[in-house]
Amino acid sequence: MGADVGASNSTAALVAHGLSKRYRRKLALDQVDLTVPAGSVTALVGPNGAGKTTLIRVCMAFERPNAGSVEVDGVDPWKHRSQALRRVGYVPQSPAVYRGMSVSDHVAMARSLHSGFDSEYARRRIGQLGIPLDQRADTLSGGQAAQLGLAIALGTRAQVLLLDEPLANLDPLARREFIQVLLDAVRAEGSTALLSSHIVTDVEDACDRLVILGGGKVLLDCLLEEARQTHRLTDSDSPPPGATAVGSFLGRKGGKLTLWRLAVPEVGAEGAADVAAETTSLEDVVLGYLAAGRGTAGLQLN
Ligand SMILES: Nc1ncnc2c1ncn2[C@@H]1O[C@H](COP(=O)(O)OP(=O)(O)O)[C@@H](O)[C@H]1O
Ligand SMILES: [Mg+2]
């Protein structure tokens with residue numbers, strides 16, 4: 001075994017530098033620069049086709065980038081594959097559940113695939129959720145199957161968890177339970193999670209950071225609180241003082257709404273407290289950026 005190439009004292013769990021990925025003519029990732037700080041829970045939000053799955057798959061060394069690089073916990077998965085993969089727990093967009101195999105068989109299979117897999121830990125988590133280990137996995141509810149996928153990702157005891165639309169097929173109660181289990185694990189282990197979703201309201205209670213991806217580009221990357229505090233919504237074309245327009249979209253009741261990004265004073269400077277006092281919903285912030293990302297192809301609003 002070679003020397004450990006990881007930078008264990010690094011403060012970034014995931015870094016992308018000028019990352020581009022092209023599928024034939026389609027640029028799925030377009031010069032993505034991104035830093036996910038260790039210990040954070042980051043929402044990766046964007047519409048279908050934004051590049052969320054591609055980004056996660058590049059980090060897992062399933063897709064080779066055309067340009068740029070990624071590092072997972074300080075390790076480039078394209079240079080040191082096994083060392084990088086030891087550092088990530090992955091829940092794919094549609095976790096595979098094998099017919100005729102029990103929950104316990106799934107844990108055993110994970111153990112055979114990952115060196116250092118902690119079967120006891122995975123089994124205990126599954127047991128705590130009231131999921132019988134001898135139940136056939138193809139008879140689990142959607143929520144239970146998602147929990148099995150999560151327990152297996154957690155069983156790797158990886159520092160970085162990458163979850164691709166883990167909530168997409170779950171009912172509202174199962175979503176809450178999934179988020180709860182994830183957050184408990186992340187807090188207990190001090191790990192980092194990046195979870196993608198096409199709807200921000202699904203993940204906003206769980207996350208402390210927001211990355212908005214559109215057309216393969218990073219449109220916004222900041223703390224959730226900062227996103228709320230530094231944007232404003234208006235139903236007129238006149239900007240709040242010092243603000244720049246992000247994008248316009250259709251309000252719930254019809255009519256054009258415009259999202260603005262405020263010029264943010266330094267913390268403690270004059271006006272900083274006023275900016276922080278008022279907030280805009282994350283849903284509106286995301287809609288504004290998505291509208292901007294669609295350019296003129298979207299609905300024409302006047
Ligand atoms: N294997 C592939 N072959 C060709 N195009 C692909 C492939 N995977 C993804 N794409 C394209 O890349 C873009 C980004 O896809 P994806 O990363 O799956 O987005 P998201 O997960 O945000 O919905 C889309 O336009 C998609 O059609
Ligand atoms: Mg996807």
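In this predicted model, a salt bridge joins D73 and R87, with 3.5 Å between the closest N and O atoms. D73 sits in the loop between β4 (67-72) and α2 (81-85), while R87 sits in the loop between α2 and β5 (88-91), so the bridge ties together parts that are 14 residues apart in sequence. Both partners are tucked away from the surface: D73 counts as buried because its relative accessible area, 15%, falls under the 20% cut-off, and R87 is buried as well, at 12%.

That pair is part of a bigger tally, since the structure holds 15 salt bridges. Another of them brings together the side chains of K217 and D30, at 2.4 Å from N to O. Here the link runs between distant parts of the chain: K217 belongs to strand β9 (residues 217-223) and D30 to strand β2 (residues 26-37), and 187 residues separate the two. The two ends of this bridge fall into separate exposure classes. D30 is buried, with a relative accessible area of 16%, whereas K217 is partly exposed, at 40%.

A similar mix turns up between E63 and R57, which form a salt bridge with their closest N and O atoms 3.1 Å apart. E63 counts as buried, at 14% relative accessibility, but R57 is partly exposed, with a value of 26%. This pair does not stand alone, either: K21 joins R57 and E63 in a network of salt bridges.

Definitions and conventions: Residues numbered from 1 in each chain as written. Chains lettered and ligands numbered in written order. Predicted model: local features only at pLDDT ≥ 70, side-chain atom pairs only at ≥ 80, totals over all residues. Heavy atoms only, no water. Salt bridge = Lys/Arg side-chain N within 4 Å of Asp/Glu carboxyl O. Helix = DSSP H or I, 4+ residues; strand = E, 2+ residues; numbered from the N terminus. Buried < 20%, exposed > 50% of the residue type's maximum accessible area, 1.4 Å probe, protein only.
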